[in-house]
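This report describes the strand arrangement, the helix packing and the charged pairs of one protein chain.

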Amino acid sequence: MSLSAAQVQPTVEEHLRGLFRKYRAVEVVIIADSSGAVLLEVTAPGAFPLRAGRQLCATFAVAAEQSAKLSLGDCRSALLFFGTHLVLQFVDTPLQITVVAQNAGAQGNAGLLYSFMEAMLLSPVIKALRSEVLKEMDLAVP
């Protein structure tokens, strides 16, 4: 018996909240489909929601598509440095995941974000979400 997307979502949120406790610098995780449409946004306790989250996801989807058109190869991830935050965006087809972390003091670093990404990708919960989104995409194809 497979889970529906609505059944998978609370489990994904619980899993991410557990990761927030381990990776304290991580503030926001946004999971979108391959076109950049946001499926789920989870904010760590005490963190502010990301105002530009939807725009970041849509822009990354376009940038990844354009890099492929320029024969630069597949765009698997992008790491962005801002004054007070680091943003890691990566593709786990059909999902596009954005992770935002503090970059204050020694809390935020690129290695932490890539470690968080690996923990997410190995999670059975994320694998279930990925397969559910793939199923829904297959149903949408005429």
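## Helices, sheet and salt bridges

Helix α3 (residues 110–121) lies across β1, β3, β4 and β5, at about 35° to β4. Helix α2 (residues 53–69) lies across β1, β2, β3, β4 (85–92) and β5, and runs at about 50° to β4. Both descriptions refer to a predicted model.

The strands beneath discussion here form an open sheet of 5 members with antiparallel pairing, in the order β2-β1-β5-β4-β3. Because β2 (38–43) and β3 (77–81) stand at the edges with a single partner strand each, one side of each has no neighbour in the sheet. From one strand to the next, the twist averages 10°. Strand β1 (residues 26–33) pairs with strand β5 (residues 95–102) in the antiparallel sense over 7 bridges; Ile31 has Ile97 in β5 as its bridge partner.

The structure holds 2 salt bridges, listed below with the distance between the closest N and O atoms.

| Acidic residue | Basic residue | Closest N and O atoms |
|---|---|---|
| Asp92 | Arg130 | 2.5 Å |
| Glu132 | Lys135 | 3.5 Å |

Asp92 belongs to strand β4 and Arg130 to helix α4 (residues 124–140), so this pair ties together parts that are 38 residues apart in sequence. Asp92 and Arg130 are both buried.

Glu132 and Lys135, by contrast, both lie in helix α4, 3 residues apart, or about one turn of the helix. Glu132 counts as buried because its relative accessibility is 9%, under the 20% cut-off. Lys135, at 35% relative accessibility, counts as partly exposed.

Terms used:
Residues are numbered from 1 along each chain as its sequence is written. This is a predicted model: local features need pLDDT of at least 70, side-chain atom pairs count only at pLDDT 80 or more; totals for chains, interfaces and linings use all residues. Side-chain values use heavy atoms; hydrogens and water are left out. Two strands pair if DSSP finds at least two bridges between them. Helices (H or I, at least four residues) and strands (E, at least two) are DSSP runs, numbered from the N terminus. Axes are lines fitted to C-alpha atoms, for helices over the stretch in contact, and angles run from 0 to 180 degrees between N-to-C directions. Contact means heavy atoms within 4.5 Å. A salt bridge is a side-chain nitrogen of Lys or Arg within 4 Å of a carboxyl oxygen of Asp or Glu. Buried means under 20% relative accessible area, exposed over 50%, partly exposed in between (1.4 Å probe, protein chains only).
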